[in-house]
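Student: Please take me through one part of this model closely. I want the helix packing and the residues around it, with the numbers.

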Amino acid sequence: MKTSELTGAALDWAVAKCEGVTVLPKMRGGCYVTLDRGKTVLLCYSTDWAQGGPIIEREKLGVWWAHHVVDAEGNEYGNHWYSETGLTDENADERHVCMEGETPLVAAMRCYVASKLGDEVELPKELT
């Protein structure tokens, strides 16, 4: 599936894969489930700021709203959230990515997944 189209549980699964988190195949409420020290934890990176926010900060992802714009040729742009990888001296060799989404977390998590896994992600059967 195209990374730019990931949403819900599929996006949360892809983020968990990037984070190296082993997830259980069972989903609850659109989020994946994992075990942390014997405790069940919901993985909702794309909807929970407590989970997605630290990734944005750690990865230095830029997130902003783009207002609706129509150029001279009539092409329409914007009216959604964008996220972009932040290039620093430490990660200058990494892939630069810009993604969009209907919320800041969706845009940022798509950007994170694309920067780690590329433009396409192979999903488990239960998510296709």
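Tutor: A helix here is a DSSP run of H or I with at least four residues, and a strand is a run of E with at least two; both are numbered from the N terminus. Asn-79 shows how these labels are used: it lies in the loop between strand E6 (76-77) and strand E7 (80-84). Phi of Asn-79 is near 70°, which is positive, and the residue is not a glycine. With a relative accessibility of 49%, Asn-79 is partly exposed.

Keep in mind that this is a predicted model. The protein chain holds 3 helices and 8 strands. Along the sequence, the pattern reads α-β-β-β-α-β-β-β-β-β-α. Of its 128 residues, 43% are buried. Take the contacts with a separation of 6 or more: 48% of them join residues 24 or more positions apart.

Now the helices. Start with H1 and H3. H1 covers residues 8-19, and H3 covers residues 104-117. Their axes are 9 Å apart and the packing angle is about 45°. The pair is therefore oblique. The crossing of H1 past H3 is left-handed. From H1, the contact takes in Leu-11, Ala-14, Val-15, Lys-17, Cys-18 and Glu-19. From H3, the partners are Val-106, Met-109, Arg-110, Tyr-112, Val-113, Lys-116 and Leu-117. By residue class, this contact of H1 with H3 has 9 nonpolar and 4 charged members, and no polar ones.

Turn to H2 and H3. Here the axes come within 10 Å and cross at roughly 50°. That angle makes H2 oblique to H3. H2 also passes H3 in a left-handed crossing. On the H2 side, the contact uses Trp-49, Gly-52, Gly-53, Ile-55, Ile-56, Arg-58 and Glu-59. On the H3 side are Pro-104, Leu-105, Ala-108, Met-109, Tyr-112 and Lys-116. The classes for H2 with H3 are 8 nonpolar, 2 polar and 3 charged. Met-109, Tyr-112 and Lys-116 of H3 appear in the contact with H1 and again in the contact with H2.

Look at H2 by itself. It spans residues 49-59. Its buried residues are Gln-51, Gly-52, Gly-53, Ile-55, Ile-56 and Glu-59. These pack against H1, strand E3 (39-43), strand E4 (62-66) and H3. Now the two ends of H2. At the N-terminal end, Asp-48 acts as the cap. One of its side-chain oxygens lies 2.9 Å from the backbone nitrogen of Ala-50. After H2 comes Lys-60, with a positive phi near 55°. Lys-60 is not a glycine. It sits in the loop between H2 and E4. Its relative accessibility is 45%, which counts as partly exposed.

Back to H3, for one residue in particular. Ala-114 is part of this helix. With a relative accessible area of 0%, Ala-114 is buried. Its C-alpha atom is 9.7 Å from that of Cys-18, although the two residues are 96 apart along the chain. Cys-18 is one of the H1 residues in the contact with H3.

Two residues outside the helices complete the picture. First, Thr-3. It belongs to the segment before H1. A relative accessible area of 0% makes Thr-3 buried. Its side chain reaches the backbone oxygen of Gly-118 at 2.7 Å. Beyond its neighbours within four places in sequence, Thr-3 is in contact with Met-99, Arg-110, Val-113, Ala-114, Gly-118, Asp-119, Glu-120 and Val-121.

Then Val-121. It is in the segment after H3. Its relative accessible area is 5%, which counts as buried. Leaving out residues up to four places away in sequence, Val-121 touches Met-1, Thr-3, Leu-6, Trp-13, Ala-14 and Val-113. The C-alpha atoms of Val-121 and Leu-11 are 9.6 Å apart, with their positions 110 residues apart along the chain. Val-113 is listed for Thr-3 and for Val-121; it is also among the H3 residues that meet H1.

Terms used:
Residues are numbered from 1 along each chain as its sequence is written. This is a predicted model: local features need pLDDT of at least 70, side-chain atom pairs count only at pLDDT 80 or more; totals for chains, interfaces and linings use all residues. Side-chain values use heavy atoms; hydrogens and water are left out. Axes are lines fitted to C-alpha atoms, for helices over the stretch in contact, and angles run from 0 to 180 degrees between N-to-C directions. Angles under 35 degrees count as roughly parallel, over 145 as roughly antiparallel, 65 to 115 as roughly perpendicular and the rest as oblique. A crossing is left-handed if the near helix is turned anticlockwise from the far one by less than a right angle, and right-handed if clockwise. Contact means heavy atoms within 4.5 Å. Ala, Val, Leu, Ile, Met, Phe, Trp, Tyr, Cys and Pro count as nonpolar, Asp, Glu, Lys and Arg as charged, and the others, Gly among them, as polar. Buried means under 20% relative accessible area, exposed over 50%, partly exposed in between (1.4 Å probe, protein chains only). A polar contact is a pair of N or O atoms within 3.5 Å; within protein, one must be able to donate a hydrogen and the other to accept it, and residues adjacent in sequence count only if both atoms are side-chain atoms.
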